Protein chains: 4
Amino acid sequence: MSEKVRVSILGATGYGGAGVASCLLCHPAAELVWAGSNTFAGRPLAEACPWLRGLTDLGCRPENPEEAAAEADVVFMAMQKGEAMGWAPAVLAMGKKVIDLSGDFRFRDPKVYEEWYGIAHASPELCAEAAYGLPELYEDEIRAARLVANTGCYPVGPILGLFPLLREGLVEPAGIIVDAKSGVSGAGRARHTLAYHFPETNENMTAYRVGSHQHTPEIEQALSLAAGQDIVLSFTPHLVPVTRGILATMYATAKAAADDCHRTLVAAYANSPFVRVLPEGECPSTKATFASNYCDLAVFADPRTGRVIVLSALDNLARGASTQAVQAMNIMLGLEQGLGLPVAPVFP
Amino acid sequence: MSEKVRVSILGATGYGGAGVASCLLCHPAAELVWAGSNTFAGRPLAEACPWLRGLTDLGCRPENPEEAAAEADVVFMAMQKGEAMGWAPAVLAMGKKVIDLSGDFRFRDPKVYEEWYGIAHASPELCAEAAYGLPELYEDEIRAARLVANTGCYPVGPILGLFPLLREGLVEPAGIIVDAKSGVSGAGRARHTLAYHFPETNENMTAYRVGSHQHTPEIEQALSLAAGQDIVLSFTPHLVPVTRGILATMYATAKAAADDCHRTLVAAYANSPFVRVLPEGECPSTKATFASNYCDLAVFADPRTGRVIVLSALDNLARGASTQAVQAMNIMLGLEQGLGLPVAPVFP
Amino acid sequence: MSEKVRVSILGATGYGGAGVASCLLCHPAAELVWAGSNTFAGRPLAEACPWLRGLTDLGCRPENPEEAAAEADVVFMAMQKGEAMGWAPAVLAMGKKVIDLSGDFRFRDPKVYEEWYGIAHASPELCAEAAYGLPELYEDEIRAARLVANTGCYPVGPILGLFPLLREGLVEPAGIIVDAKSGVSGAGRARHTLAYHFPETNENMTAYRVGSHQHTPEIEQALSLAAGQDIVLSFTPHLVPVTRGILATMYATAKAAADDCHRTLVAAYANSPFVRVLPEGECPSTKATFASNYCDLAVFADPRTGRVIVLSALDNLARGASTQAVQAMNIMLGLEQGLGLPVAPVFP
Amino acid sequence: MSEKVRVSILGATGYGGAGVASCLLCHPAAELVWAGSNTFAGRPLAEACPWLRGLTDLGCRPENPEEAAAEADVVFMAMQKGEAMGWAPAVLAMGKKVIDLSGDFRFRDPKVYEEWYGIAHASPELCAEAAYGLPELYEDEIRAARLVANTGCYPVGPILGLFPLLREGLVEPAGIIVDAKSGVSGAGRARHTLAYHFPETNENMTAYRVGSHQHTPEIEQALSLAAGQDIVLSFTPHLVPVTRGILATMYATAKAAADDCHRTLVAAYANSPFVRVLPEGECPSTKATFASNYCDLAVFADPRTGRVIVLSALDNLARGASTQAVQAMNIMLGLEQGLGLPVAPVFP
């Protein structure tokens with residue numbers, strides 16, 4: 001045990017932090033040594049997260065980045081927006097690695113953050129340094145990084161699905177639409193408002209934050225790099241009564257045939273064990289990725305309209321948050337990237 | 001009771017037919033007198049539909065259009081595709097009115113039907129005669145009709161949402177996208193395949209029939225009339241684990257400001273009791289329409305992309321099938337159009 | 001309209017109060033004239049309950065029993081426990097009828113209330129006067145009452161299922177067990193805690209308040225009257241991830257054969273339109289009663305153990321709260337008891 | 001890889017078999033080498049089970065016990081009832097170990113099987129030999145066995161919960177009631193009938209096979225051993241709209257105080273890593289065991305009625321089927337019993 005990498009989690013009792021904790025409980029080369037939670041400070045982590053009963057004796061500590069860093073080599077920050085940007089500098093100054101699950105360090109340009117998140121950035125100098133934690137596209141940056149900004153849950157599928165097509169010029173950069181459907185756990189564990197009260201959410205569907213969701217510029221930033229020009233797109237998030245899962249449907253004007261697009265996606269992810277490009281004609285389903293790090297992709301042509309339609313499916317809490325963050329940690333540490341991650345999706 | 005309009009239902013034990021039956025049980029001016037079901041022939045309707053126990057003593061009869069017509073003034077046909085087109089002529093010849101819930105009579109041009117449904121049309125001469133059963137837009141045609149083609153479940157929201165905007169020239173006719181999310185009851189009661197087996201469907205989301213769903217030309221036909229030119233659009237249906245509800249998200253290139261669009265929708269449906277245009281900034285939710293005849297609409301601008309985004313929510317089995325069909329019957333019979341329909345949506 | 005009975009609702013925006021409001025919107029002889037809500041005071045009822053948009057222009061008023069009573073002939077109280085017992089006397093003193101949906105007036109003996117609810121009773125003198133609002137068993141008392149205590153949601157099924165068997169001596173009064181499974185809406189609209197947060201509730205089952213639920217003595221009080229002796233039973237409530245529905249499974253020692261029990265239930269409810277005793281061998285399902293006032297009953301013998309097993313299914317918000325309360329109002333007013341109630345359950 | 005134990009699965013594409021396959025994909029000491037499926041014979045396992053795409057290249061073979069046995073050291077049989085009893089002898093004769101997930105070998109007395117399953121037993125001589133696959137109670141038998149009968153899904157919780165209390169004489173052997181609530185996956189993957197069609201199952205609850213479920217004698221057989229006398233009990237299964245999970249509520253007459261019972265359960269499972277006895281006063285929830293091998297237990301006193309109430313929660317497909325079967329395999333092979341099993345439950 002003494003040789004394992006030591007890991008702390010700030011925000012350990014939310015869905016993101018607890019998901020990281022679950023991975024670490026299975027991890028052969030890393031171990032959870034410190035868990036922060038203001039709500040549960042002084043009580044066992046397994047009381048805050050009863051499903052972990054029997055798996056950990058760790059107690060929750062008041063959230064404290066210095067203490068977290070003192071105990072560990074790697075610090076995960078799984079807090080509400082605006083916390084990590086204040087805490088990361090001290091942890092980095094102590095020579096520890098940081099993986100942040102919030103949006104605080106996802107933008108090269110802190111002004112974009114400030115515009116979409118409505119908060120002044122406390123550590124703008126770190127924005128350009130942080131690696132964007134999408135391993136299939138930023139593996140080298142992640143490997144070299146002190147600070148990784150885990151992606152938002154929504155951007156993963158659209159970026160993985162559209163990046164290769166834009167890079168290869170198979171679709172038009174202009175006019176892209178991303179219509180995404182998410183499970184309710186995306187709201188987080190703390191946000192148990194009327195909108196997510198079971199009787200109101202069950203058997204319900206709705207859109208929200210139409211045209212103003214903060215994951216819009218995150219998708220645009222990555223895809224602009226792919227296209228080599230500024231991408232402005234429409235992103236509409238929807239709430240669907242499942243616990244886990246994001247299905248994204250992307251519409252783009254075709255510059256190539258569907259099988260070119262399919263071939264390009266297959267080639268792009270030939271060496272990516274956690275991206276599965278489906279056979280032509282099959283649609284991905286979120287359940288086939290449940291509780292796993294997989295992102296499943298498919299591409300269709302719509303010759304009547306000249307469009308390419310790309311579909312992505314993943315688990316918003318796993319690939320969209322905790323398992324991808326652990327994958328990034330593995331890369332940062334020079335480990336095999338799948339360590340500690342679930343192998344087979346849970347089905348049914 | 002003897003003065004009530006007499007009604008038969010072919011296909012009375014499916015979700016569509018049983019929904020019509022439920023309305024008729026509450027109807028002050030019409031009564032169900034004949035119920036067809038090959039599966040349950042000879043057994044009580046309340047055995048096939050146990051939720052109706054105590055409400056009807058009617059027995060199920062073998063499906064037989066002549067017998068259905070002989071007993072009644074109005075015949076609902078709620079069969080699989082391809083049945084009604086063979087049965088309607090005889091019923092009409094007996095001087096009875098027909099309301100068909102299948103797709104058989106929804107297209108003026110039988111060739112469109114044949115192309116998308118993959119069946120030769122048995123009664124092409126009736127296609128031009130049939131009224132399209134969307135009361136808010138075709139009330140006069142319905143009132144005058146012998147034969148009404150109830151709409152598909154998916155087209156209702158997109159047509160109601162986009163028709164006024166296209167008619168007034170507030171959005172571009174080219175480039176429209178309809179991304180629709182449906183509950184599982186849209187698959188029907190008979191189709192209990194693995195795809196809709198509870199353990200496989202629950203906590204799952206997927207797209208299906210991308211670019212090839214038969215409701216595509218139905219939406220296009222209506223919107224082309226609105227635009228005064230041929231509309232070709234992308235329509236993507238998705239399956240969401242709710243029983244009832246369709247949420248549609250429509251993307252169009254703006255030619256006017258969002259408040260113009262909102263004003264136009266409000267004006268268009270000022271006298272339509274079953275269409276509710278939401279205040280600006282609110283998103284419709286399917287649950288607010290559950291088990292009712294309401295279609296809720298909202299419109300958003302996305303100034304970054306120059307798009308208008310229209311949202312519609314409704315209950316696919318009620319407004320998307322049975323309650324709208326009864327609304328059409330009321331219009332055909334010169335009755336108040338809300339008779340027999342549920343008043344308040346069921347919530348939560 | 002001027003001849004309709006005027007009705008006020010205190011607590012109009014909770015699930016119970018809003019359910020009563022929905023019935024009144026369909027009621028031919030009563031109308032909602034006043035709606036109380038501290039949370040939404042000054043705003044439209046249709047803003048607090050968006051599903052009612054287009055159906056009512058009523059605004060919400062601060063909760064005020066005197067004002068509610070001044071406007072109306074009947075006052076529904078759908079508040080948290082402990083409110084109605086303070087408010088009812090003033091309303092009754094104004095000569096108005098009161099139907100309370102809380103537990104405040106369900107016990108003849110206020111000491112039982114105080115023991116199980118943990119509150120001193122503010123109006124103990126009204127406890128003996130209040131009629132228990134279970135129409136099938138207390139119709140005469142309800143008809144004569146100024147004050148009706150609507151039943152708890154859980155007791156309806158067990159009382160309707162066991163009362164006739166105990167009265168006729170077909171089961172032993174000792175040793176009864178009631179194992180009940182409820183949908184989440186039973187928690188109410190205001191109680192959107194972590195326990196009912198969609199991601200935690202979905203795909204989950206649990207028991208709660210084992211041996212201490214306040215509906216226990218309510219069931220015992222009614223069944224003791226049936227048996228002519230004190231009944232002490234085990235009642236275990238469970239939480240199941242559905243919005244609506246209670247299924248109760250009751251175990252009693254048999255003193256007669258199952259078909260005697262079945263015959264007795266059939267006879268007991270022969271004239272009760274809202275109780276359906278299923279054919280022998282069929283199990284009731286909650287969905288067959290969804291959004292209706294039905295309580296479905298079945299009875300089985302377990303000859304290996306000498307037990308009778310009774311099953312009941314109903315909608316906890318309809319028969320377990322609002323529709324039963326409106327049924328009681330109709331009886332109090334000398335109206336046909338089904339006015340304003342839904343006719344057919346919503347299925348699927 | 002060559003040193004791994006080789007494993008075949010008959011019935012590899014059902015929920016039980018595919019669950020075993022998923023464990024084997026994570027197993028450090030065993031590997032899946034042969035997968036049977038008549039439906040998918042000749043096609044990849046990952047086509048039959050698309051969630052396994054990317055994890056296995058194995059193809060499905062026609063079901064054939066000899067072929068399965070020829071390829072492997074251990075053969076899992078995950079077929080419909082009645083298959084394994086015909087196939088096991090040949091596999092055993094080839095010197096291979098058999099773990100059967102059906103009910104075929106769960107009864108010492110084949111007459112009990114024949115009575116409750118309605119099938120003549122083809123291998124009655126094996127009934128006494130087979131070890132009952134509940135590791136916490138039969139570890140030695142399993143270790144020594146050639147043939148293990150994995151338990152039914154329902155019996156696990158009631159046996160684990162009541163066995164220690166009966167053995168220690170803390171509850172009466174007579175009068176026990178087991179009221180169990182199961183998710184829908186218990187019906188299996190092949191049984192996609194109308195009863196499990198999503199629209200009919202969702203938002204529904206019902207009981208089934210009241211007094212006649214075949215898991216009744218399985219619970220009785222184990223508990224009779226504990227009590228040292230014949231136990232006859234009432235068992236009522238219920239269907240709840242979740243995919244995974246069984247919650248069982250057990251009622252027994254107390255012969256000791258609740259804290260004695262609690263202490264006894266804690267002691268009984270002190271060395272059982274997959275049984276968690278909750279602190280007094282807490283109720284188990286199925287979600288805290290989701291996709292894991294845990295069985296969570298709690299015990300309550302009901303002093304008003306002199307009863308002890310025991311609660312158990314587990315995942316019917318994991319602990320109730322596949323993960324427990326793999327746990328048994330590990331024991332048979334002398335491996336650490338948790339190899340290949342999920343570590344942390346998936347939450348939320």
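This text walks through the chain contacts, two helices and some unusual backbone spots of a predicted model.

Start with chains A and B. Their contact draws 39 residues from chain A and 40 residues from chain B. On the chain A side, the elements that give two or more residues are mostly strands by name: S8 (177-182), S9 (206-207), S10 (234-239), S11 (246-253), S13 (295-302) and S14 (307-314). Helix H9 (198-201) of chain A is also on that list. By class, this side of chain A holds 19 nonpolar, 12 polar and eight charged residues.

Now turn to chains A and C. Here 14 residues of chain C are in contact with 14 residues of chain A. The chain C side of this contact has six nonpolar, seven polar and one charged residues. Next comes the geometry. A rotation of 180°, with 0.0 Å of shift along its axis, places chain C on chain A with an RMSD of 0.0 Å. The two copies are therefore related as by a two-fold rotation axis. Within chain C, the C-alpha nearest that axis belongs to C:Phe198, at 2.2 Å. The residues used by the two copies can also be compared. Of the interface residues of chain C, 100% are also interface residues in chain A, so the copies meet through the same surface.

Move inside chain A, to helix H1 (residues 15-25). Of its 11 residues, 10 are buried, so the helix is largely enclosed by the rest of the structure. The buried stretch begins with A:Tyr15, A:Gly16, A:Gly17, A:Ala18 and A:Gly19. A:Val20, A:Ala21, A:Ser22, A:Cys23 and A:Leu24 are buried as well. What covers them? Among the covering elements of chain A are strands S1 (5-10), S2 (30-36) and S4 (74-77). Helix H12 (318-332) of chain A is also part of the cover.

Helix H12 deserves a look in chain D, where it again runs over residues 318-332. A straight helix of 15 residues would span 21 Å, yet H12 of chain D spans only 18 Å between its end C-alpha atoms. Where does H12(D) kink? The kink is centred on D:Gln324 and is about 45°. H12(D) is also mostly covered, with 15 of its 15 residues buried. After the helix comes D:Gly334, whose phi is positive, near 75°.

The segment after H12 has a feature of its own in chains A and B. In chain A, the peptide bond from A:Phe347 to A:Pro348 is cis, with omega near 0°. A:Pro348 sits in the segment after H12 of chain A. In chain B, a cis peptide bond joins B:Phe347 and B:Pro348, with omega about -5°. B:Pro348 is likewise found in the segment after helix H12 (318-332) of its chain.

Two loop residues complete the tour. A:Ala291 has a phi near 60°, a positive value in a residue other than glycine. A:Ala291 lies in the loop between strand S12 (275-277) and S13 of chain A. Is A:Ala291 buried or exposed? A:Ala291 is buried, because 24 other C-beta atoms lie within 10 Å. C:Arg209 also has a positive phi without being glycine, near 45°. Its loop runs between strand S9 (206-207) and helix H10 (216-227) of chain C. C:Arg209 is partly exposed, with 13 other C-beta atoms within 10 Å.

Key
Residues are numbered from 1 along each chain as its sequence is written. Chains are lettered from A and ligands numbered from 1 in the order in which they are written. This is a predicted model: local features need pLDDT of at least 70, side-chain atom pairs count only at pLDDT 80 or more; totals for chains, interfaces and linings use all residues. Two residues are in contact if their C-beta atoms, placed from the backbone, lie within 7 Å. Helices (H or I, at least four residues) and strands (E, at least two) are DSSP runs, numbered from the N terminus. Ala, Val, Leu, Ile, Met, Phe, Trp, Tyr, Cys and Pro count as nonpolar, Asp, Glu, Lys and Arg as charged, and the others, Gly among them, as polar. Copies are superposed by least squares on the C-alpha atoms of residues with pLDDT of at least 70 in both. A residue is buried if 20 or more other C-beta atoms lie within 10 Å of its own, exposed if 12 or fewer, and partly exposed in between; C-beta atoms are placed from the backbone. The expected span of a helix is 1.5 Å times one less than its number of residues. The bend at a residue is the angle between axes fitted to the seven residues ending there and the seven starting there.
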